[in-house]
Structure formats: C-alpha cells, structure tokens
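Student: I am new to this structure. Please take one part of it and go through that part closely, along with whatever surrounds it.

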Protein chains: 2
Amino acid sequence: MSQTVDRALSILPLLAEGPADLGQVADRLGVHKSTALRLLRTLHEHGLVYRQSDQRYRLGARLFALAQEAMENLDVREIAHPHLVRLNETCGHTVHLAVYEENEVLYIDKVESRYPVRMYSRIGKPVAITVAAVAKLLLADLPEHERRAVAEKLDYPTYTSRSTPNAGAFLRELEKVREQGWATDLGGHEESINCVAAPVRGADGRVVAAMSVSAPNVVVTADELLTLLPLVRRTADAISGEYSGRTPVKGTV
Amino acid sequence: MSQTVDRALSILPLLAEGPADLGQVADRLGVHKSTALRLLRTLHEHGLVYRQSDQRYRLGARLFALAQEAMENLDVREIAHPHLVRLNETCGHTVHLAVYEENEVLYIDKVESRYPVRMYSRIGKPVAITVAAVAKLLLADLPEHERRAVAEKLDYPTYTSRSTPNAGAFLRELEKVREQGWATDLGGHEESINCVAAPVRGADGRVVAAMSVSAPNVVVTADELLTLLPLVRRTADAISGEYSGRTPVKGTV
DNA sequence: ATGAAGGTTGCAAGCACTGCAACACCGCTG
DNA sequence: CAGCGGTGTTGCAGTGCTTGCAACCTTCAT
C-alpha cells in the first residue's frame, strides 16, 4: 500500500537469510543502489539493521528487543506460564504454548524437559503447521471456509512417513480434532517424537492458544504419553478458566 | 532519512508497549488518521503488526520469526553453543553468551541452571549494561574515545547498593576489566546474584562476544563462584580458538 | 431512531522519493 | 605509480507517491 515502506520492509526477510551488501540488497529489491542505501539508512537509524565490520548489513539488535517486548505483553502467555511450569514439574517433559496468527503457528512459551534427551524447538520459531498437534487444534477452530482456504494454501512437506500428505487428509484430521477436543502428533514431524495437545479457550469458546507435552520415544512410548492426556486437558482448562475469568486491559496506556 | 519509512518504523516501538488503536497511533505519530492507517496496512502486509479481534494493533508474528532467524545466523552463537552446554554440565549454573551492538548488550544464548533456583533472563533481552559482567567485557574492548562516549551517554540505575553509580566509576571498572581480561558482577544487578565472565575474541584479538556463569548466593557464595573463573576462561578461549580458526562465509547466497 | 466515535475511501496538491550521473574511496595490477 | 574496476556516497531535477482533507460507512450506546 505504501511503496517506500513496502520496499524497506522487504529488506528485512532478505537480511534474515544472511548478511548482504548494498549491491545485493539493491538488486533483490529491483531499485537503484542509492535508493537501497537510503532505505537501509532509515532501517539502521531505527536499529533494525546493523552494519557489521565488513560493511555488510544484517538484522539489528532492536529487532530482538522488540520481539521480546511484544512477547512479554501477550496476556495468554503470562497467565499460562505458571501452569506450564507446574505441568512440567509433574510429568517432566517439554511443554509448549502456541498461538495462530495469519497462516502461521508459533511457539510463544516453552518449558524444557527435565530429561537429558530434549527436542529442538525455540520460542518464536514457526511451527511445522501441517503436523504439529498444537497447530491442528488452532486451525481446527477456524471457521470452515477459512480453514479450507488455509489448508489449500499450505505446503505439505514429508518430514516422516507419518506426516500429513495433503490438504484433504489435513482437513479430515482437523475435523476429527475439532470433535474430540484434543490432538496428537505421533512421529509426524520427527520420527521419534510424540506430542499430545489441548486447547486454551477464551470466554467466547474460541481457541486462543494451544498447549502440548512432547517426549521422544526413548523416554516414553506413545501409549504412555497418551496417559497424560487427562492431565494436559485439565491444565489447558485451568488456563482457559483463568483467561476468560478476568479480561485485564493492561495494555491501555 | 526517509520520512515515510521513518514514520512507519516509529510505530513498532510504540506498539511494543502494548496494543493501540488507529487513533492512538495517529496521535503519537503526529499524522492524520488516514496516513497512520496506510502505514499500518503496509506493516500488516509484511506481518510485522497484527490486528487483534478488538481491531487494535499489536506487533505481529513475523517479527518473532525474523528475530529468530537472525539469531540463528550468528556465527559465534553456533560455535559457542556446545561449549556453553558442556560448561553447564560441569558446573550446573546458568551460562550466558552476549554481544555488543550499537550501545546495547544483549544475550544471544543461554543454558539454564540445573538448580531449582534460577535467575530471570531471556535471550534477546537487553542486558543491564552498567553492571553485567559480560557488558563490562564488551565495552572494555571498545576504542578509548568510543568507550568514553558510550559511558557518558548511559544511565546508571541503582539496582542495588553495589551498582555502578556513574560514568567515572564505570570507566575505571572497564579499565580494570580490560587489564585483567575477565569481569565479575557481584550483586550489582540483583542483590543475591553473582557472575563471572570471560571474553571471546576473534582472530584479530577484538572481543566479539562474552560469556558468563551466574548463580545466586543461596546456591554458591561469591568466593566459590570465583573458583570457576579458570574454567570459564578456558571455555571462552576454546570458543575464541574455534571462532578465529575458520572463517566460514556461510551467509553468501 | 439518533448521535457519537472510530475506521475507511477518493481526490487533488505538493513534496518526498527516485534514478541518474558524477564523485570518493578503496584494493589490485601492470 | 598510474590506471582501473568495484563499491559506497552525494547533489539534483522530475515526477509519482504520499498526505491531509472531507465525506462516507459501520458500530455501539443512548
């Protein structure tokens, strides 16, 4: 909608791939070097890009700080956190909290497993949307037409033999998840890792977040992990209750 | 340098404080509502802001993803990580890795303490620059005039009675740190928490990062923590060696 | 129903952005 | 040392993008 800003912002994902020099940026934007220079300067002044010693540009520190601040302002996260910790203390496995936003699902909190074998993930990282248990819950709650639209648009990478193969299968899975009110991922992302997940709902019943417990096969079998389902659901319900109970408008300055 | 982009980017820190509606954004930018709307739309298209159900804007998911990706592309971090984990396995305490960038010091990696009492910190969060041990090391390495300039510009919050009180004291501390090649923070940020830190150097001897071990008084006394200094320094040196050894230009697309 | 508050759209005017071209600054090579 | 290619930077004039306005729309409360 705004050409200049549009161009400037296009630089960010470009730099996320790795450092680049002025020429490269200008080329990939399809603008003159001088134009790219001025855009980069503006981004620089705001701390969003940083000029390293070899003069190449990369993303800057303020970006982290912004993401950080934004994360801490999420109400659900704040409310859920103590519950997640408690759940982790009970079962010992990795606990995740995730939200859906514009075709992406991302982790907004995580409590590490207390077992030595841990799974890799990171707060802020987009989730494997077609297979993750939390993603299924979040997408299953979308209105039917939107759900279908999203499912059609997605790629379906074959992480393992049990990954969701295509939109049709995904939509059926979402339907099932929608009815049963919980979801699993049994080796659909990483062969040896299983998850069980339950939804966190707002006062209106809409799913606002989803939480999951994940553990590798070497620690507990899928069946053993499933025995935790009631506990996970109870935790999610507790969070839902607290979240819908009060509606703090703490953001109002 | 570019008015439009400048205005658009000014919206980000504003939203980091909390969600805001169109009017508020327009007011704080000092522009007409329609202008603010168009800027917000552009930011929205790039996923940097998100429009929540009550129509108010807040920072968007892509921001997290960007910050995340940028973080993973930092060479030092990648090289250092296994060393940090090993150090944590040996001593059990919280281990941090931090870098300096444009008047800010921020954590780029962290391995959690294995003791139940943990300190609060978060990757990406700016560090208390006037007291943290890692910050002292990073600033101590700046050229003299720049070091002075930065020190003058900083605020010196009194976190505890042992916090660095002013620029003069800070510069003297930096001089000391510079000579001895390591740094401590003994209750300067939180009364009961102590840290020891050592620098990671590039091939040219410049400090590119700093790492620290932190532990609360209730777990180990400051004196006990200091006995870890040789271990911390050895770890930092190992990282330095590996970092300066190879210079992978992995970012070249 | 009526009004107020906030969000959205079309439009004309002006200025901020763009691309150009010339310059400055390396590091190389003959 | 001079010449040269590559890269980053700056002044300038034209124009296309951005801006503020005003009118319109939606929603909510009275």
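Tutor: Start with a word we need: a residue is buried when its relative accessible area is under 20%, exposed when that area is over 50%, and partly exposed in between, using a 1.4 Å probe and the protein chains only. This is a predicted model, in which local features need pLDDT of at least 70, side-chain atom pairs count only at pLDDT 80 or more, and totals for chains, interfaces and linings use all residues. Residues are numbered from 1 along each chain as its sequence is written, chains are lettered from A and ligands numbered from 1 in the order in which they are written, and side-chain values use heavy atoms, with hydrogens and water left out.

Our part is A:Glu101. Its relative accessibility is 5%, so A:Glu101 counts as buried. It sits in strand S3 of chain A, residues 94-101. Strands are DSSP runs of E with at least two residues, helices are runs of H or I with at least four, and the numbering goes from the N terminus.

Which residues does A:Glu101 touch, beyond its neighbours within four places in sequence? They are B:Tyr50, B:Arg58, B:Leu59, B:Gly60 and B:Ala61. Contact here means heavy atoms within 4.5 Å. With B:Arg58 there is a polar contact, side chain to side chain, at 3.4 Å. A polar contact is a pair of N or O atoms within 3.5 Å; within protein, one must be able to donate a hydrogen and the other to accept it, and residues adjacent in sequence count only if both atoms are side-chain atoms.

Follow B:Arg58 and B:Leu59 one step on. They are among the residues that B:Leu15 touches, not counting residues up to four places away in sequence. B:Ala20, B:Val25, B:Leu40, B:Val49 and B:Tyr57 are on that list too. B:Leu15 belongs to the largest nonpolar core, which has 111 residues. A:Leu15 and B:Leu15 touch the most other members of that core. A nonpolar core is a set of buried Ala, Val, Leu, Ile, Met, Phe, Trp, Tyr and Cys residues joined through side-chain atoms within 4.5 Å.

Now step back to the two chains. Two copies of a chain are related by a rotation about an axis and a shift along it. Here, a turn of 179° and a shift of 0.1 Å along the axis lay chain B on chain A with an RMSD of 0.1 Å. The copies are thus related as by a two-fold rotation axis. The superposition is by least squares on the C-alpha atoms of residues with pLDDT of at least 70 in both copies. In chain B, the residue that comes closest to the axis is B:Val5, with its C-alpha at 2.5 Å. Of the interface residues of chain B, 98% are also interface residues in chain A, so the copies meet through the same surface.

Next, the DNA. A residue is near a strand if one of its heavy atoms lies within 4 Å of it. DNA strand C is surrounded by 21 residues, and the closest are A:Thr35, B:Gln3, B:Thr4, B:Leu37 and B:Arg41. Sugar and phosphate make up 65% of the strand C atoms that come within 4 Å of the protein. The side chain of A:Thr35 has an N or O atom 2.6 Å from a phosphate oxygen of strand C. For the side chain of A:Arg7, that distance is 3.1 Å. A:His32 uses a backbone N or O atom, 3.3 Å from a phosphate oxygen of the strand. H3(B) gives the largest share of this surface, five residues. By class, the surface has four nonpolar, ten polar and seven charged residues. Ala, Val, Leu, Ile, Met, Phe, Trp, Tyr, Cys and Pro count as nonpolar, Asp, Glu, Lys and Arg as charged, and the others, Gly among them, as polar.

Which residues come nearest to DNA strand D? Of the 21 around it, they are A:Gln3, A:Thr4, A:Leu37, A:Arg41 and B:Thr35. Sugar or phosphate holds 69% of the strand D atoms within 4 Å of the protein, and bases hold the rest. A polar side-chain atom of A:Arg41 is 2.5 Å from a phosphate oxygen of strand D. A base is reached as well: the side chain of B:Ser34 has an N or O atom 3.2 Å from a base nitrogen of strand D. H3(A) supplies five residues, the largest share of the surface near strand D.
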